[in-house]
Structures are given as C-alpha cells and as structure tokens.
Amino acid sequence: MPDLAASVSPAPSPAPATLDASPDASLDVQLSHELATLDDAGLRRRLRPLTRVAGAELRAADGVTLLDFASNDYLGLAADPRPAAAAAELLAREGLGAGAARLISGDHPAHHALEEALAALKGTPRALLFSSGWAANAGALPALAGREDAIYADALNHASLIDGARLSRATVRVFPHGDLAALDGMLHEDASRFRRRWIVVEGVYSMDGDLCPLDALVAIARAHGAFTYVDDAHATGVLGPDGRGSAAHWGVTVDVTVGTLGKALGTAGAFVAGSAALCDLLLHRARSFVFTTGTPPALAAATLHALAVAHDEPWRRTRVRAVAARLRAGLAAMGRPAPGAPDGHVVPVPVGDPRATLAVGEALRARGYLVGAIRPPTVPPGGSRLRVSASAAHTDAQVDGLLAALAETL
Ligand code: PMP
C-alpha cells in the first residue's frame, strides 16, 4: 500500500503579485494572479494531511504528533473502534458502494435503520439521509422555498444555508445575528406578501458558539405564521437531553431540522428530520438527494452504532461541557474571555487580523496543538479568530497544555 502521507506534494510556492491579470493572459496566469491576491491578504490556504492515532491525537505527514482542538469531534467518537467495526462487518459482506441513487437501486436497509434512529433522536415522524450537511441545505431549501416565498436568514448562517437560499430563488432577507427584534420587524413589514415564509437559523453557531434562542424564535414564527428551519449541525448529539439537539434543549418543536453526522457522531453525512410529508417531498424535490449516489451502507451502519454509543455513554456530553468550561475559565483568567455560552463547546478566541490569526495558529502547531485559524470568507472581514473546539476526548492535562501554549502565543 502506498504511504499516503509521504506521497503528498509540498504546497506550491506563492505566485508573485505582479502577474498579468488581463483577460488575454493564459488561464493559469489569470488564476495564479487570483491566488497571489489571496496570498497578499493573508487568506491563502493549503491542505495538510493528518492521520488519527487515538482520541485527540493526530499525526502529521512529518511524523509530528498534534493534539486536535480543531475538529468537530465533540463526543470523541471519530476514532472510536466500535462504529468502525460495525462498518467493517458490512464492508466485508457487501463492499463499499451503494451503486446508484437511492431512488434507483442504491437504497439499503441500513439507510432505513439509521433514518429511523435519527427520527427517534429528534422526536420527529421521519428523517431523510443526505450525503453531507452541505448537500442537505443546498437541496432542502430550494425544495421548500421558491420565487413566491421568503427566507429570513441570520447574518451568521453557514455557507451551505446561504447557497441553499440563493438556489431557491426566494426573496432572502438577512437579519443581524441573533437580533430577533429585527426579525420580528421584517416579518411585520412583509405580512401577506409571500406564499410561505421560512426563518432559517443555526441551533449553535459554528464559528461563534452561541445558541439561537429557539423558544423566542418559535414564538415569533407562530405569531407571523412563518415556518422554522434549524441547522443543528453543532448541537446534534451534544445539546439537550440525550443529545437530541437544540429544539429539545429549548423545549420547542421546529418545522425542519438538519443534523450532520460528521461532527459529534464522528462519521459523515447528514439528515433532515421532520414530518412524513416533509421527508417525502424532499425525496422528490431535493436535487442533492435525487441525483446523487446513496450513502455507502457501511457508513450508515457505522453511524447507527455511533448513535447507540452516544446514547449509552452520557458521560461524553458531560465531559465535553466540562472541557469547554475549563477552556473558557482559562481564557478568562488570561484576560481573553471567549464569547458564547459559559460551557459552549465551540470556543472562539477573537484575534481580528487574518495574518495574526494564522501566525498564532502556526505557533500553536509548533507547540503540538492544532487549533482552527478561521479567516474570511468563513467569518466576516475583521472577524478572524482561533476556533478551539472542546471534545470529550480531551484530558484536563491536554486542556491545560493548550492554555499554557495560548498564553505564550496570543
Ligand atoms: N451546516 C453547518 C452549520 C456547518 O457548520 C457545516 C459544516 N461545517 C455544515 C452545515 C456542512 O456539513 P458537512 O460537513 O456535513 O457538509
């Protein structure tokens, strides 16, 4: 078997900023100019492969061990051998591929078993699997909203929600992050102009780590006859009783929930949960469901097992909150209190400038800690930050080590 880490070529050296960007230049020259512009702004990115050793330990291509405070493996399940063993059993019997879209011949009992378990987790009549959270949002929003509808979107919504809203061709109105009074005002102004009105938010915001107050949001939606669409990517498996997510945390019911499986559950894929009619309509109209190959059945089997582990080991949810609280207390003691909930598992450390953020990220890496250095377009200009994510896999000693490294580098 080839050594994958060793076969990765080094990052290309940055192109000089003086390259010709005129329309007559060759395609490569034009593209290199765009890359050089990104470089100049401190926004160039590159891929760096990592292999997972165990728990939060990763190994880089140069053999160096890094502690993972960058991923969304909130419950510490990504490296758990039990979901992997469930996948391996099915893999050994049937191989990997679903072979076709589920509506053709790629539908498998493992997909249905997982959908039933996800619907049970969310307390909804049904759930429908998608190959990723991106695909779920980019497919579901255009299936549910069209030209005669309106989407009211929080300003910090994930890129996949923004793109799904754009693809829908609905009128999109963006309200300032978390500003429910502004949302209420917009809904008043637009009364009776649209067929359906959707309020689209995240349960836990991916880069800020704060919660959307769904109790107040659902009350506003009801008052205006609007529907609620909640991307619960960062809450599913973590928040609420039994990890049921944001709606359960706030004790409300929402119309549409999207959950992703590549974060707390440690596998990959996503789902939409809601009524039977909702899921049946998506099965017909969500283009990212209809026109794509079914999720590998072994992956569905792994996720089903991960759900069982997450359910049977509630200590993981307690632990991730304790890790988050320890991180936040340490940052506050350093005079850098993190925004968001006191035990919120996404822990942002605002820096501002993209280059400075990258420099701290690299300095932490040199000390053995991998932390997200988040820059535009993932966050708004000026909003560059370190994104530290807590995991049940972190030990107190690892958290304290990161805090000491942050104290040296910030
Ligand atoms: N929604 C939100 C809020 C996310 O943070 C993400 C992933 N960063 C996605 C959707 C996309 O999920 P996936 O990685 O499964 O495509």
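**His-224, loops, helix pairs and the core**

Student: In which helix is His-224 found?
Tutor: Helices (H or I, at least four residues) and strands (E, at least two) are DSSP runs, numbered from the N terminus. This is a predicted model, in which local features need pLDDT of at least 70, side-chain atom pairs count only at pLDDT 80 or more, and totals for chains, interfaces and linings use all residues. Residues are numbered from 1 along each chain as its sequence is written. The run that holds His-224 covers residues 214–224 and is helix H9.

Student: Which class fits His-224: buried, exposed or partly exposed?
Tutor: Let's count C-beta atoms, placed from the backbone: 20 or more others within 10 Å means buried, 12 or fewer means exposed, and anything in between is partly exposed. His-224 has 18 other C-beta atoms within 10 Å, so His-224 is partly exposed.

Student: Which residues does His-224 touch, not counting residues up to four places away in sequence?
Tutor: Two residues are in contact if their C-beta atoms, placed from the backbone, lie within 7 Å. With residues up to four places away set aside, His-224 touches Leu-187 and Arg-197.

Student: What distance separates the C-alpha atoms of His-224 and Ser-192?
Tutor: Ser-192 sits in the loop between helix H8 (180–189) and strand E7 (197–202). Along the chain, His-224 and Ser-192 are 32 residues apart. Their C-alpha atoms are separated by 9.5 Å.

Student: Why does Ser-192 count as exposed?
Tutor: The backbone of Ser-192 has a phi near 60 degrees, a positive value in a residue other than glycine. Its class rests on the neighbour count, though: Ser-192 is exposed because the number of other C-beta atoms within 10 Å is 6.

Student: What is the phi of Asp-242?
Tutor: Asp-242 belongs to the loop between strand E8 (227–231) and helix H10 (246–250). With 13 C-beta neighbours inside 10 Å, Asp-242 is partly exposed. Its phi is a positive value in a residue other than glycine, near 65 degrees.

Student: Where does Pro-377 lie?
Tutor: A cis peptide bond joins Pro-376 and Pro-377, with omega about 10 degrees. As for its place, Pro-377 lies in the loop between strands E13 (372–374) and E14 (384–389).

Student: How do H6 and H7 run relative to each other, roughly parallel or antiparallel?
Tutor: Two packed helices are described by the angle between their axes and the distance between the axes. Axes are lines fitted to C-alpha atoms, for helices over the stretch in contact, and angles run from 0 to 180 degrees between N-to-C directions; under 35 degrees is roughly parallel, over 145 roughly antiparallel, 65 to 115 roughly perpendicular and the rest oblique. Helix H6 (residues 133–144) and helix H7 (residues 159–168) pack at about 30 degrees, with axes 7 Å apart. H6 and H7 are therefore roughly parallel.

Student: How many nonpolar residues are in the contact of H6 with H7?
Tutor: H6 contributes residues including Trp-134, Ala-138 and Leu-141, and H7 contributes Leu-161, Ala-165 and Leu-167 among them. Ala, Val, Leu, Ile, Met, Phe, Trp, Tyr, Cys and Pro count as nonpolar, Asp, Glu, Lys and Arg as charged, and the others, Gly among them, as polar. The contact of H6 with H7 has five polar residues and one charged residue, and its nonpolar residues number eight.

Student: At what angle do the axes of H3 and H13 cross?
Tutor: The axes of helix H3 (residues 81–94) and H13 come within 7 Å and cross at roughly 155 degrees. That makes H3 roughly antiparallel to H13. The contact of H3 with H13 includes Leu-90 and Leu-91 of H3 and Leu-299 and Val-309 of H13. To return to your angle, the value is roughly 155 degrees.

Student: Which helix gives the largest share of the largest nonpolar core?
Tutor: A nonpolar core is a set of buried Ala, Val, Leu, Ile, Met, Phe, Trp, Tyr and Cys residues joined through C-beta atoms within 7 Å. The largest one has 113 residues, and Ala-140 is among those that touch the most other members. Its largest share, nine residues, comes from helix H13 (residues 297–312).

Student: Which class fits Thr-267: buried or exposed?
Tutor: Thr-267 is in the loop between strand E9 (256–260) and strand E10 (270–274). Beyond four places in sequence, its contacts include Pro-83, Leu-299 and Ala-302. With 25 C-beta neighbours inside 10 Å, Thr-267 counts as buried.
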